[in-house]
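Let us walk through this model together, one stretch at a time. Keep the view open beside you as you read.

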Amino acid sequence: MNIKHIPLNQNILQTALNEINSEKCLLLFPTRKSKREAQKLYQPKWDFSEHQFLTMDEWKKSLFISDKPILKEEKRTLALFQSLSAESKDFFKIKAYHQSIEFAYKFFGFWEEMQEELISNDSITEVLSAKQTSGDWQLNSFEHLLQIKYNYQKHLNKINFTDTIVIRNRESYCESNFNKIIVVNQFYFTNFEKKLLMKFKDEVIIISQIPDVCFVEEDLKISPDFNANHIKPFFTNKLRMYTSFDQSQMIAQMTTALATTEKSTIIDFQFERQPYAHLLSNEFFSKSTSLNFPSTRFFHFFQVISEMLNSIIWEGQPFLISMQSILALVSNDDLLRYFIKDISERESIRSYIFKLIDNDFKYLDLEFIQQNKSEFIPLFEHVFKLLKNFRKLSTIKNLIDYIDENLDLEYLLADLQNTTDVAEVFYESLADFKSIEEIELIGNWKDIFPTKLAENLLKLFLDYLKSKKLKLETSTSPTCFEITTLQDTRNLEFQNLYILNVVEGVLPDRKHTQFLLSENQRKELGLKTYEDIILRDKFYFYRLLCSCQNVAAFTRNNLEENIEISSFLEELKLHDMLEEVDAVDFSNLQKQIFNNLLKSNHLEIPNKQNLPENFFYFQYDKNAFPDNKLSLSFYKWEKLKNNAFEYYLEFIVDLCKHVTEIGNDFSSRLIGTISHEIITLVWKRLIDVYHSNEFKHNFVHNTKLYVEQSIEHYLKYNRDFRYISPHNFSDNYFQKIFLPVLTEGIENFFYRLHNDLHLSNKDIKVFPETEKSMEKKFTDINDLEIYLKGRPDLRIHADDHKFIFDFKTGNSDYAKLKRYNQQLQFYENISYLIDLPVIVDKLHSYLFFVEQKDLKRLSKRTELKDKIIEGIELIVIDGFGLAEKEDKYEDIDVTRRNLLSKREVN
């Protein structure tokens, strides 16, 4: 075996190609990308020789030939699940197939690594039996893994298939018939790879850029003392380092640096997960040559169908589906267009669904739509019919036939038809998925999915598609900047290189928990450890710095978020190989982001000094109020008073933020609504008993019975309760904990009427809460008629005294009491004071906190009319302006309010 060390700044691919001097050479590369680059370099002098360019993994696979079909991916996971004994499932806590997927990934990864490193079962047992390094659970787990592997192999023989963990156990493999094997800069060699290379050692040449002083030839590995000083002789320029506080600043700094180069390569770690990944312009950045299948319209469509199927709650006929899954459908215009072509109709449906969600609906059925919204019946009949048909499917063939015959595949695949090979990938995947049944891998799907067969088959289909990649048709015009990963740069060199996110925990990567074996145990067995991975990444990183002419690293340092500069950079700094670059003025960086980085949308960052006045407010226009009328509920008045700008957007332009996540619990607002309805039912029951809303009653007599009867009636006959109930553990909380608290609270209120207000056995007239709000003209302001609108929870007339009650759930505090007192004054004006202001001394208003059993009287009235007149007159003059203070829930980096405050300061 011949080992050749070449300098870190020499072109490794060209050196490898120069070694081709016989009729049949095999060149082995660590990655497909470096293999492809070598093929491009060799193409001009291509001849009819039998040279082969392979990755190391491709070569190893070619050496093992099986006389049985080899199971891969989902097929091997299905076969493994079938082979699991009840004892194994119980030990690894696997109750269903989809819970076995993660276990299967670890199981196959574990045995493949043991094969690759030639680790015997006895060696593993010996290490795990050592009490100082192991726990009994590890040895027990390994014994189970051995049994599972045995059962899996037995099952494969039974169904006449095999697996790589079976055929790789064989000692025999195909002979290599190459005259020369050239290994190009492989950093780490497994024990099996070392064994292979030793077998063909006379034909093997290893070309390495690991400095010879750091290379341990007998083990074909790098010495752990490899450091920045070893690469110093090959360093031509110091590495430029830009340090930022956050990602926005880091990206902006990179953009400024990019402006000085025409073509560059950018290394980013886990690029697709970064928040800025989707903002980069395709005109300048070549982000990827492939697209994940889950980003397609087809996949999103079936995701929603799957979500709907799995959300189904049976309440007799018909069934309920979750509003969250309906929201996923209607909020995606691409998917909703599958069912509804008309734009305005789609918007109407969305508005209707958001209205139901605002009213705490968590589930919906077809019956509700048929009784309430006839214009939406065709859509929901289509959706529910689709769900019913899917629930009937019991085989993959049924599923695929239904998709092929009943769904509009042309539309579902049309979004990427012109830019990718989506149709080709889809139909190939469909055929491959169908082959699971055609090769008789599964005897009976009920053995895999005992319950919810259709739902699980669809989920299996989606899992099957998740790993598929679509090939993107690249633009004919070359892009300026290519984005890649550190692993894909092995053996390559670049003119201009920019490396993002060079922070600790990314480069080097943070330590990950290994399956079964600890770091010490892995070291004892001779397996790759975390230190080996750090050493690998350090070598690849440092090699790049030597092979590129112009390199810049962008790092971050933020103690609050526990982000610190990479230790690799700190090491370079210690050896004086780093040049720290001062940060550019951030306002300039913002402009660089907009001008050079983001997708073009013809927007410019506004100059805060040149912004028009009306940028910060909406001008008052009385034409915005039909019939010169402004109707204010208490909520609207609060919004108008506290943030007129938002009021304008929400109530005049009809633009408001909608809920995107529906809670799976009884919300505080819903609890309040239920409490109000039950209290109203108690009063209606009393009115029914006396056949009038005028009566005498002792409020201690039969109160508990009336409350219990009202709760029972609500739960039994309220037609909306099944739609607002979460149908989960919260139902138990509601029934067993909240309802007894509510019962006691309502009973206490009636005792208060008896003990505190002395209304028992008096002639009273009762006005419970109604569905329709009262509305009264309050005042006139500049030809604008102001109305107050609302509905008190309860009013009682006794003699010439008037009582108003507003029921609240939750706790009371000073801020709530102050706010609720203003709401009570709204009710006082609507109910009495607008028409009869003289009765103010005989008007008694109360807040009752049901859970706390706390009755609070309105003690001080404010000049509500003056405040409303003052507020509206200000809007007439100044328009609907921004709130002075930032909302405590506001979570936006830059708002109009920030721009306004900056302009005022300047």
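Both faces of strand 2 are covered, with Cys-25, Leu-27 and Phe-29 buried on one side and Leu-26 and Leu-28 buried on the other. Strand 2 spans residues 25–29, and 5 of its 5 residues are buried. Here buried means under 20% relative accessible area, exposed means over 50%, and partly exposed lies in between, computed with a 1.4 Å probe on protein chains only. Helices (H or I, at least four residues) and strands (E, at least two) are DSSP runs, numbered from the N terminus.

Before going further, a word on what you are looking at. This is a predicted model, in which local features need pLDDT of at least 70 and side-chain atom pairs count only at pLDDT 80 or more, while totals for chains, interfaces and linings use all residues. Residues are numbered from 1 along each chain as its sequence is written, and side-chain values use heavy atoms, with hydrogens and water left out.

Back to strand 2 and its partners. Two strands pair if DSSP finds at least two bridges between them. Strand 2 runs parallel to strand 4 (residues 180–184), with 4 bridges between them, and Cys-25 stands opposite Lys-180 there. Strand 3 (residues 52–55) is also parallel to strand 2 and is joined to it by 4 bridges; in this pairing Leu-26 faces Gln-52. Together with helix 2 (residues 32–42), strand 2 and strand 3 make a right-handed β-α-β unit. A crossover is right-handed if, with the strands pointing away from the viewer, the path from the first strand over the helix to the second runs clockwise.

Follow the chain just past strand 4 and you meet Asn-185, in the loop that leads to helix 10 (191–199). Its phi is near 55°, a positive value in a residue other than glycine. Most residues other than glycine have a negative phi, and most peptide bonds are trans. Asn-185 is buried, at a relative accessible area of 3%. Compare Asn-761, which is not a glycine either and has a positive phi of about 60°. Asn-761 sits in the loop between helix 32 (729–755) and strand 22 (764–768), and is partly exposed, with a relative accessible area of 48%. A cis peptide bond, with omega near 0°, links Leu-507 to Pro-508. You will find Pro-508 in the loop between strand 16 (496–499) and helix 23.

Next, turn to helix 7 (residues 121–129), where Ile-124, Val-127 and Leu-128 are buried. These residues lie on the same side of helix 7 because they cover an arc of only 95° around the axis, the arc being that of the directions from the helix axis to the C-beta atoms. Asp-122 and Glu-126 are exposed on the other side of helix 7. What do the buried residues of helix 7 pack against? They pack against helix 6 (97–116), helix 8 (136–159) and helix 23 (519–525), where contact means heavy atoms within 4.5 Å.

Now look for the open sheet of 3 strands, ordered 20-24-23 with mixed pairing. Strand 20 (629–632) and strand 23 (774–781) are at its edges with a single partner strand each, so one side of each has no neighbour in the sheet. Neighbouring strands of this sheet are turned by 25° against each other on average, direction ignored. Axes are lines fitted to C-alpha atoms, for helices over the stretch in contact, and angles run from 0 to 180 degrees between N-to-C directions. Helix 34 (residues 864–878) packs on the sheet, touching strand 20, strand 23 and strand 24, and its direction makes about 60° with that of strand 23.

Strand 27 (residues 843–849) has 7 of its 7 residues buried. On one side are Leu-843, Ser-845, Leu-847 and Phe-849, and on the other His-844, Tyr-846 and Phe-848. Strand 26 (residues 801–808) runs parallel to strand 27 and is joined to it by 7 bridges. The chain goes from strand 26 to strand 27 through helix 33 (residues 814–833), in a right-handed β-α-β crossover. Strand 28 (residues 854–857) is antiparallel to strand 27, with 4 bridges, and the two form a hairpin with 4 residues between them.

Finally, how many disulfides does a search of the whole structure find? It finds 0, a disulfide being a pair of cysteine sulfur atoms within 2.5 Å. The sulfur of Cys-214 is 12 Å from the closest cysteine sulfur, in Cys-546, which is too far for a bond.
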